[in-house]
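Here is a short set of questions and answers for someone meeting this structure for the first time. Please keep the sequence and the 3D view at hand.

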Amino acid sequence: MGFVKENGRTIPVADKVFALNGRAKAATAEKGKDAVINAVIGALLDDNGDLVVMSSVMDAIKTLGPADYAEYAPIAGTPAFKEAVQKALFGKFQPKGFVRVCATPGGTGSITNVIENYSDFGDSVLTHDWCWANYRNICSENGRNLATFRFFDEDGKFDSADLEKQLYALAEKQDQVILMINTPAHNPTGYSLSLEDWSNVIRIVNAAKCKVVLFLDVAYIDYAGEDDEVRAFMPMLEELGSNVLTIYGYSASKTLTAYGMRCGAIVCVAHDEETAEEFKRASEYMARATWSNCNRSAQVAMGRIYSDPELLAKVDEERRGYRDMLLERGRVFEKTLNDNGVKCVPFSAGFFVTVACDDAASVCAKLEEQDIYCLALPKGIRVSIASISKEKCVKCAEAIAKLVK
Ligand code: PLP
């Protein structure tokens with residue numbers, strides 16, 4: 001019969017990622033773990049294929065009482081949670097501007113929140129052409145378009161010239177543009193903007209003839225490298241002009257390996273108090289009118305972890321071990337690919353590696369025949385190295401290299 005109103009959206013029959021993961025899981029159930037390479041989902045698995053759950057985080061969760069689960073959280077999050085987010089996000093680079101925090105269900109909620117509050121219906125939101133597919137869905141769901149700039153030039157360098165071109169073209173049509181950048185350890189490429197890239201971004205947005213909301217999706221920041229190094233760009237943002245508002249999308253999903261707890265935040269760093277208070281008003285209103293408030297138990301656990309130096313040290317140490325395991329998988333995957341004559345899209349760290357390819361769908365179909373499950377993107381193949389062992393990284397890279405060469 002058809003009762004659904006599409007409202008300009010294209011609603012697929014099934015989410016592509018979850019459908020593919022379903023097929024990989026069915027193959028694993030039938031043929032066994034060793035026979036199948038499931039490089040689909042962006043969740044960290046150990047070398048046995050089991051979900052990594054940090055025991056130190058679980059210890060913190062076990063200290064919660066019934067009311068920590070049952071009671072509503074304040075719309076913007078509990079005070080301890082808001083403090084914890086600032087510590088977790090900025091580390092030793094606490095910003096000088098006016099900071100406000102509002103809880104969101106994961107990093108995803110922060111993206112919806114910024115799009116609803118900082119763009120008009122029908123506006124274009126600008127991001128890199130390689131991007132998390134959900135950016136497009138969230139824009140579409142909210143009656144916005146997703147515009148893109150070329151992430152890498154012919155030499156594989158951050159394409160600041162195209163960023164400038166696309167941003168300034170939008171500035172001709174819109175008085176304000178959201179520029180979304182996912183770094184460090186970008187999904188799907190694993191690229192992290194260098195400090196030189198950042199100088200270019202700052203120069204470009206400062207000179208834009210429109211207001212710019214610089215939205216930084218840092219969902220993978222804690223897997224990108226050493227804590228201080230991956231945050232070294234943060235003080236540079238103090239050079240941003242008064243036409244720019246910086247907003248971060250924070251996610252505890254990866255940081256605490258707590259994807260299902262749906263814990264995240266949107267965080268603004270404004271030049272003045274008025275803009276910060278405006279952010280607070282709008283982000284809380286939007287939250288109230290959509291998901292209302294977020295998961296209190298996750299907030300209490302995070303508040304406890306970040307206010308207890310001993311517990312925090314345990315969590316940091318445990319995560320560092322997993323981060324290094326992931327970095328090693330990335331190095332091995334890239335090296336195997338290179339040794340077989342194929343290059344990946346510029347990669348630095350993170351959950352994913354991408355191989356550029358014109359017919360990714362047919363390559364992924366052929367990989368699937370070999371029980372290797374990777375996601376076909378419009379311009380390449382995404383491999384979740386987070387979910388496969390080092391040995392499987394080698395096998396997967398070899399199989400991809402054979403098919404794309
Ligand atoms: N941003 C990027 C680039 C992601 O890949 C993800 C999750 O896969 C998120 C944000 C949000 O994650 P979550 O909502 O689970 O915190």
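Q: In which loop is the place of S292?
A: A word on the source comes before the answer: this is a predicted model. S292 does not sit in a helix or strand here but in a loop. That loop runs between α11 and α12, and α12 spans 296-307. The place of S292 is the loop between α11 and α12.

Q: What is the phi of S292, which is not a glycine?
A: Most residues other than glycine have a negative phi. S292 is not a glycine, yet its phi is positive. The value is about 65 degrees.

Q: Is S292 buried or exposed?
A: The cut-off for buried is under 20% relative accessible area. S292 has a relative accessible area of 15%, so it is buried.

Q: Where does R262 lie, and what is its phi?
A: R262 lies in the loop between α10 and β8, with β8 covering 264-270. R262 is a residue other than glycine, and its phi is positive. The phi of R262 is near 50 degrees.

Q: How does R262 count in terms of accessibility?
A: Partly exposed is the class between under 20% and over 50%. R262 has 34% relative accessibility. R262 therefore counts as partly exposed.

Q: What is the relative accessible area of E278, and where is E278 found?
A: E278 is found in helix α11, residues 273-289. E278 is partly exposed. Its relative accessible area is 40%.

Q: How many Å apart in space are E278 and R100, C-alpha to C-alpha?
A: In sequence, E278 and R100 are 178 residues apart. In space, the C-alpha to C-alpha distance is 9.9 Å.

Q: Which loop holds P184 and P188?
A: A cis peptide bond joins T183 and P184, with omega about -10 degrees. Another cis peptide bond joins N187 and P188, with omega about 15 degrees. Most peptide bonds are trans. P184 and P188 both lie in the loop between β5 and α8.

Q: What is the strand order in the open sheet of seven strands?
A: The pairing in this sheet is mixed. Its edge strands, β2 (98-104) and β4 (145-149), each pair on one side only. The twist averages 25 degrees from one strand to the next. The order is β2-β8-β7-β6-β5-β3-β4.

Q: Which residue in β8 stands opposite T104?
A: β2 and β8 pair in the antiparallel sense. Seven bridges link these two strands. Opposite T104 stands G264.

Q: At what angle does α8 run to β6?
A: α8 lies across β5, β6 and β7. β6 covers 211-217 and β7 covers 244-251. The angle between α8 and β6 is about 150 degrees.

Q: Which strands are at the edges of the open sheet of three?
A: The three strands come in the order β9-β12-β11, and the pairing is antiparallel. Each edge strand pairs on one side only. The edge strands are β9 (352-356) and β11 (375-377).

Q: Which residue in β12 stands opposite L375?
A: β11 and β12 (residues 380-384) pair in the antiparallel sense. Three bridges join the pair. L375 stands opposite R382.

Q: Which helix packs on the sheet and touches β11 and β12?
A: The helix covers residues 360-369. Its direction makes about 170 degrees with that of β11. The helix is α14.

Q: Which residues come nearest to the ligand?
A: The ligand has 13 residues around it. A side-chain N or O atom of D217 is 2.6 Å from a nitrogen atom of the ligand. Polar side-chain atoms of S251 and K254 lie 2.7 Å and 3.1 Å from an oxygen atom of the ligand. The residues that come nearest are T108, D217, Y220, S251 and S253.

Q: What share of the ligand's accessible area does the protein cover?
A: On its own, the ligand has 400 Å² of accessible area. The protein covers 92% of that.

Q: Which element gives the largest share of the shell around the ligand?
A: The elements that give two or more residues to the shell are α5 (106-118) and α10 (252-255). The largest share is three residues. That share comes from α5.

How values were computed. Residues numbered from 1 in each chain as written. Predicted model: local features only at pLDDT ≥ 70, side-chain atom pairs only at ≥ 80, totals over all residues. Heavy atoms only, no water. Helix = DSSP H or I, 4+ residues; strand = E, 2+ residues; numbered from the N terminus. Buried < 20%, exposed > 50% of the residue type's maximum accessible area, 1.4 Å probe, protein only. Pairing = 2+ DSSP bridges. Contact = heavy atoms within 4.5 Å. Axes fitted to C-alpha atoms, helices over the stretch in contact; angles between N-to-C directions. Near = heavy atom within 4 Å. Polar contact = N/O pair within 3.5 Å; in protein donor to acceptor, adjacent residues only side chain to side chain. Areas by Shrake-Rupley, 256 points an atom, 1.4 Å probe, with all protein chains shown as cover.
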